[in-house]
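Dear colleague,

Please find below the structure I promised to pass on, together with its sequence. My notes on what was found follow directly after it.

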Amino acid sequence: QVQLVESGGGLAQPGSSLRLSCAASGLTFSASTMGWFRQAPGKEREYVAHINWWGASTYADSVKGRFTISRDSAKNTVYLQMDSLKPEDTAVYYCASGRGGLQRAQYDYWGQGTQVTVSS
């Protein structure tokens, strides 16, 4: 079965960086679109970024210029490099695989999430 396992979350100070990883198994990673979403307490899960199998990436306006999504097909892993972190980036971050796009319904498989807390 498909498994997506996130790692790399933690506590970060405002202005610092974190890199999230998502290791995928049970799917043809090289042909899959991979995405990142996040959910802050009391809020809906929201789109962050996605990357197509050929490497084209798209970002939410709130993270554009600060976050970078990338993939390594040799390791079946997708990354989210988060720079210039802000307190409003605090959320549980989820990795997802599917057809791609900005909507949750466009993704079929989800990881369990990793907590990112940005605070001084």
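**The ring cluster and what surrounds it**

At 27% relative accessibility, Trp-110 counts as partly exposed, since its value lies between the 20% below which a residue is called buried and the 50% above which it is called exposed. Please keep in mind throughout that this is a predicted model.

Trp-110 belongs to a cluster in which ring pairs link it with Phe-37, Tyr-47 and Tyr-107, and the structure as a whole holds five aromatic pairs. In the pair formed by Phe-37 and Trp-110, the ring centres are 5.0 Å apart and the planes stand at 65°, so the arrangement is edge-to-face. Because Phe-37 lies in strand S4 and Trp-110 in strand S10 (residues 107–110), this pair ties together parts of the chain that are 73 residues apart in sequence. Phe-37, for its part, has a relative accessible area of 1% and is therefore buried.

**His-50**

Tyr-47, which is a member of that ring cluster, also takes part in a polar contact of 2.7 Å between its side chain and the side chain of His-50. His-50 is placed in strand S5, and with a relative accessibility of 6% it counts as buried. If one leaves aside the neighbours within four places in sequence, the residues in contact with His-50 are Thr-33, Met-34, Gly-35, Ala-56, Ser-57, Thr-58, Ile-69, Gly-100, Gly-101, Leu-102 and Tyr-107. Two of these names recur elsewhere in this message, as Tyr-107 is part of the ring cluster and Met-34 is listed among the residues with the most contacts inside the largest nonpolar core.

**The nonpolar core**

That largest core has 32 residues, and those with the most contacts inside it are Met-34, Trp-36, Val-78, Leu-80, Met-82 and Tyr-93. The elements that give two or more residues to the core are strands S3 (18–25), S4 (33–39), S5 (46–51), S7 (67–72), S8 (77–82), S9 (91–98) and S11 (114–118). As general background, nonpolar side chains tend to be buried together in soluble globular proteins.

**The chain as a whole**

The secondary structure comes to eleven strands and zero helices. The radius of gyration of the chain is 13 Å, close to the 14 Å that the globule rule gives for 120 residues, so the chain is as compact as a globular protein of that length. The C-alpha trace spans about 40 × 30 × 25 Å along its principal axes, and buried residues make up 45% of the 120 residues. Of the contacts with a separation of 6 or more, 55% are accounted for by residues 24 or more positions apart. The accessible surface comes to about 6,100 Å², and carbon and sulfur atoms hold 47% of it.

**Two residues to look at in the loops**

Asn-76, in the loop between S7 and S8, has a positive phi of about 50° although it is not a glycine, and at 25% relative accessibility it counts as partly exposed. Ser-84, which is found in the loop between S8 and S9, likewise has a positive phi, near 50°, in a residue other than glycine. With a relative accessible area of 40%, Ser-84 is partly exposed.

With kind regards

How values were computed: Residues numbered from 1 in each chain as written. Predicted model: local features only at pLDDT ≥ 70, side-chain atom pairs only at ≥ 80, totals over all residues. Heavy atoms only, no water. Core = buried A, V, L, I, M, F, W, Y, C linked by side-chain atoms within 4.5 Å. Buried < 20%, exposed > 50% of the residue type's maximum accessible area, 1.4 Å probe, protein only. Helix = DSSP H or I, 4+ residues; strand = E, 2+ residues; numbered from the N terminus. Polar contact = N/O pair within 3.5 Å; in protein donor to acceptor, adjacent residues only side chain to side chain. Contact = heavy atoms within 4.5 Å. Rg over C-alpha atoms; globule rule 2.2 N^0.38 Å. Areas by Shrake-Rupley, 256 points an atom, 1.4 Å probe, with all protein chains shown as cover. Phe/Tyr/Trp six-rings, centres within 6.5 Å; stacked < 30°, edge-to-face > 60°.
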